[in-house]
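Subject: Model for your files

Hello,

Here is the model I said I would pass on. My notes on it follow below.

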Amino acid sequence: MEHRTRLIDGIAAPYLPTPFSAWFATRGWQPRAHQLELLARTQAGRSALLIAPTGAGKTLAGFLPALTDLADRPKPRPGEARRGVHTLYISPLKALAVDIQRNLAMPVAEMGLPVTIETRTGDTPSHKRQRQKYAPPDILLTTPEQLALLIASPDADCFFSDLRFVVLDELHSLVISKRGHLLSLGLARLRALRPALQAIGLSATVAEPEALRRWLVPQNPPGAMADIVTVTGGAKPDITILETEDRVPWAGHSARYAIPKVYEAIRAHRTTLLFVNTRSQAELLFRELWRINDDNLPIALHHGSLDVGQRRKVEKAMETNSLRAIVATSTLDLGIDWGDVDLVVHVGAPKGASRLAQRIGRSNHRMDEPSRAILVPANRFEVMECRAALEANYLGAQDTPPLVDGALDVLAQHVLGAACATPFDADQLYGEIVSAAPYAGLDRETFDRIVDFVATGGYALKSYERYARIRKTRDGMWRVSNPRIAQQYRLNVGTIVEAPMLNIRMTRRGRGGASRGGPVLGKVEEYFLETLSPGDTFLFSGRVLRFEGIRENECYVSTGTGEDAMVPSYAGGKFPLSTYLASEVRAMLADPKRWKRLPPQVAEWLALQRDKSVLPRREDLLVETFPRSSRHYMVLYPFEGRLAHQTLGMLLTRRLERAGAHPLGFVASDYAIAVWSLNDMSAMLKDGRLSLAALFDEDMLGDDLEAWIADSWLLKRTFRNCALISGLVEKRHPGQEKSGRQVTVSADLIYDVLRAHEPDHILLQATWADAALGLLDVRRLGEMLSRVHGRIVHKSLERISPLAVPIMLEIGKEAVAGDANEALLGEASKLSGEELMQEAMEG
Amino acid sequence: MNSLAPATDASPALTIELARQSAMCDWRGVLFFADLDLLVVSDLHLEKGAAFARRGRMLPPYDTAATLKRLGGVIADYDPGIVISLGDSFHDHDGAAEMPEPFREELAGLMAKRDWHWIAGNHDPAPPADLPGHASQEIAIDGLTFRHEPARGAAPGEIAGHLHPAARVVRRGRAVRRACFACDGSRLVMPAFGSLTGTLNVLDRAFAGLFARERLTAYMLGRKGIYAIAGSMLR
């Protein structure tokens, strides 16, 4: 292992109190160099970021500064006022906090340190929380939401009176979400209370460590950075792509073809962790493995929708190494130490090189031994993507997403929280907020509008002044107008908004929820269940269930018969292909020399494309047009990920409509977009009625985008989240469901009213900003349009090209624009890849 | 009743028979008895935004204006001699008293020269403050009974609101949910008219026992017309 130490002059050697050196010595261990360096930097009064791969002893490193400081603290004198929390540890997962408590308790006990450690999460009973307020532990392990609650309490100043350190675990995953924004504001508040507070960030390897270093320290002066300690190296992971003689499918995500090989791999290892990208893939894989599990290997399933009890059982079994394989979604992504995993299988494309590295880090937690992983591409484009990811992991490429500006809905929540704690002065609060890195660029006018929003909703029509939630009093301070407001705030704190979910409860067949029903199996999104009719079957929790009906907030199911089920629809690109991988896939496509490393069937496919059409160069955009069954198709291959493609597809369809091409629909995958129309687009391009340069002009991101998006369900969904987070509407709490839907105000209705009457409202602006970044991926689309400017290669073909086969197969599976296209769906669903390929080969 | 699939050219109103009276279900969510020169509207929930604001949720203050504008539209079209507002006309007790003056004037303008009846609702049990019109618990006219909450075991000819019915159909894997009139020829439950009002599926337990299921029809409010959907097609 190699340590890159960049010691700044003036940093003294670390001081390690005797119990620590003795503890290391009795174990025959040495403190690792990065642990000592981090200690030295914090002892010099600095905040610091530790970047290290899994298994490098990150946790102990993160806590050494606190533990050594606490070890030397004099015993409290009799009669001394109680001491406040000394160190706050914040992690994205409740489970992680619990896990850390267990891991930390041992060394603390063995060294005989006078240190108390407790967790505080949403699960902590209220009497314990109450007790923690009067007798705080030295080290408190908690989550961003709990921190928000603690600082919004009137006694926050007292509770944190002795706070010295904040340790932020899995920082790389926290900072990219709204939870990270909330946390950054919480940190700014803590620094305002205790200016000497030091922050310690623990992170996996990221593309831009500077962003995290800024995140840890106040941005006054702007651009200030925490110190950094980087651990590189470790054994190179041993990653392979599943080798198979079986035919790799053209499209789809199931990877059914590979199941026997995957099963062999499980048999050949102690414990295998199988990662997939979506819950439905997890269900399918689990089912398929058990279908051929002749040895009855203990194979378990773990995903976020399963009942908590069920999940805990699986986690327990992992801890005791009594499982041979676990099929999991991202619920197991983060750094929890469970069991002795010696193989990671990744089914489906990893979508990002950094994500792959972090998932592979789950296997073999000793840093000096190589992790072993097998990638299982589900279709031919994924073969290329896996290959690119694999090369990137060897090269150490990083493609974690860049950080975005702090969200305004989160800011609104924080401003109300600030008023709940203690009356605030607007100038002072503004100064505090812009010291948080995500909000460093916030202008004063926007801040004032947010304060106005918190007070009265921020409407141009000033009719709510008399109902204001916070008010500026004569001394210039903003106060909550009554205690009920603070109570409301506490019930609604947090930024995690889940799609409405319904419990899945067992009942007897045909009872449609008329009987009481059996156990709850877990939760499923309401929107999925809404499309089911009684008698439909779907996979959940590893079994085939028959839908019986919905009653109130529960979905009743019975045991389905038969092996086959209608699987929950593929939820789409939850993680879009990273920009880096996209560019690598394009490069691979353009360079026949690199095809040697691809399976022969994939290399042959690309060669055919070269013969029948053309292969675009790395920075080009290939556009193919061809007729097929009395429709005209346009297929393009930007490789920018499903979200950006969906947006582009919508915009292209609008423009083609205006140009008179009569588009009928489109479909987007992670790799390509296909649009089909009544009129001959090849001919239109030829005689100049249609111009590619005009079609792909960057100005489509202006008015066209706005006109389309305003009515889109995408924006409504985003608005719902913003409305909840900003406190415009209340979260629904368990038990309230029964009050009936007719009295709750749906966010959709509010959205429509707001759009019609106040389109410039700050919450609509926040919604728009969110959607552009998230669901629409407008930034990426913009980059792509400017990249391909003048580099669009058009190929007019007689028939479908080999490269177009996968996207043409998606047509039958995806919803299309407009209502008139159902006939096309039926037509397309009858196609098979082989037939299409045959067509591509003809002539 | 025939089980019409959503037609491409939906008509703006459909005629129904209820206790030997015929009425028109208008796509905008009002019921009109031409013979009686009577317009029925239910669950206006005026000042709902303000009611929430009073309790700390700053919903947009535009719902009252929007509701009044739509109400003005249907009243201008039908120019009814009698209007019955079927309860929950205001979202809470303070709604009428605290309503901003311009809205009050607009509403009074709509009421002028009409025989206007406020039926008491659970949200507004007392008559609206500072507004004209007759207040009552329920009204009976020519074999019809108008009350806010449907009464179990009521005689045929009941017209009620309160439940905010919506109907849902699933076609080709897509669900469409809209507010609706729910009617079985003997009782009719009105859709909520207010701009910020949610809906409840007509198959929900709250509707149990109100309709003869085999005769239930949902008149679903479309974007430009109204669709009659047989109860057996609802999900």
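A:Leu763 counts as buried, because its relative accessibility is 3%. The model is a predicted one, and that applies to everything below. A:Leu763 belongs to helix H29 of chain A. Leaving out residues up to four places away in sequence, A:Leu763 touches A:Phe453, A:Phe719, A:Cys722, A:Ala723, A:Ser726 and A:Leu728. One of these, A:Cys722, is 41 residues away along the chain, with 7.1 Å between the two C-alpha atoms.

A:His761 sits in the loop that runs between helix H28 (747–757) and helix H29 (762–773) of chain A. With a relative accessibility of 0%, A:His761 is also buried. A polar atom of the A:His761 side chain lies 2.7 Å from the backbone oxygen of A:Gly457. Neighbours within four places in sequence aside, the contacts of A:His761 are A:Arg449, A:Phe453, A:Gly457, A:Gly458, A:Tyr459 and A:Leu754. A:Phe453 is thus a contact of A:His761 and of A:Leu763.

Next, helix H19 of chain A. Which residues of this helix are buried? In H19, which spans residues 483–492, they are A:Ile485, A:Ala486, A:Gln488, A:Tyr489 and A:Asn492. Viewed down the axis of H19(A), the buried residues fall within an arc of 160°, so they line one face of the helix. The general background is that an α-helix has 3.6 residues a turn, so residues three or four places apart point the same way. On the face of H19(A) turned away from the buried side are the exposed residues A:Pro483, A:Gln487 and A:Leu491.

The buried residues of H19(A) pack against three elements of chain A: helix H6 (144–151), helix H16 (408–421) and strand E16 (478–480). At the start of H19(A), a side-chain oxygen of A:Asn482 comes to within 2.9 Å of the backbone nitrogen of A:Arg484. After the helix comes A:Gly494, with a positive phi near 120°.

The packing against H16 can be followed from the other side through A:Gln413, which is in helix H16 of chain A. A:Gln413 has a relative accessible area of 4% and is buried. Apart from neighbours within four places in sequence, A:Gln413 is in contact with A:Leu182, A:Tyr489, A:Asn492, A:Val493, A:Gly494 and A:Ile725. Of that list, A:Tyr489 and A:Asn492 are among the buried residues of H19, and A:Gly494 is the glycine that follows H19(A). A:Gln413 and A:Leu724 are 311 residues apart in sequence, and their C-alpha atoms are 9.5 Å apart.

On the nonpolar cores: the largest has 102 residues, and A:Leu289 and A:Val376 have the most contacts inside it. The most is given to this core by helix H15 (residues 380–395) of chain A, with seven residues. A:Val376 touches A:Leu242, A:Ala255, A:Tyr257, A:Ala258, A:Val262, A:Val345, A:His346, A:Val347 and A:Gly348, residues up to four places away in sequence not counted. Another core, of 96 residues, lies apart from this one; among its members are A:Val415, A:Ala661, A:Ile725 and B:Tyr62. A:Ile725 is also a contact of A:Gln413.

Chain B contains four helices and 16 strands. Of its 235 residues, 57% are buried. Among the chain B contacts between residues at least 6 apart in sequence, 68% join residues at least 24 apart.

Seven strands of chain B form an open sheet with mixed pairing, in the order E1-E2-E3-E4-E5-E6-E7. Its edge strands, each paired on one side only, are E1 (13–18) and E7 (134–136) of chain B. From one strand to the next, the twist averages 25°. Helix H2 (residues 63–78) of chain B packs on the sheet and touches E1, E2, E3, strand E4 (38–41) and strand E6 (115–119). The direction of this helix makes about 165° with that of E4(B).

How many bridges join E1(B) and E2(B)? The two strands pair antiparallel over six bridges. B:Leu18 stands opposite B:Gln21 in E2(B). E1(B) and E2(B) make a hairpin with two residues between them, and B:Ala19 in the turn has a positive phi of about 45°. Strand E2 (residues 21–26) also runs antiparallel to strand E3 (residues 31–33) of chain B, joined by two bridges. In that pairing, B:Met24 has B:Phe32 in E3(B) as its bridge partner.

Regards

Technical notes: Residues are numbered from 1 along each chain as its sequence is written. Chains are lettered from A and ligands numbered from 1 in the order in which they are written. This is a predicted model: local features need pLDDT of at least 70, side-chain atom pairs count only at pLDDT 80 or more; totals for chains, interfaces and linings use all residues. Side-chain values use heavy atoms; hydrogens and water are left out. Buried means under 20% relative accessible area, exposed over 50%, partly exposed in between (1.4 Å probe, protein chains only). The arc is that of the directions from the helix axis to the C-beta atoms. Contact means heavy atoms within 4.5 Å. A polar contact is a pair of N or O atoms within 3.5 Å; within protein, one must be able to donate a hydrogen and the other to accept it, and residues adjacent in sequence count only if both atoms are side-chain atoms. Two strands pair if DSSP finds at least two bridges between them. Axes are lines fitted to C-alpha atoms, for helices over the stretch in contact, and angles run from 0 to 180 degrees between N-to-C directions. A nonpolar core is a set of buried Ala, Val, Leu, Ile, Met, Phe, Trp, Tyr and Cys residues joined through side-chain atoms within 4.5 Å.
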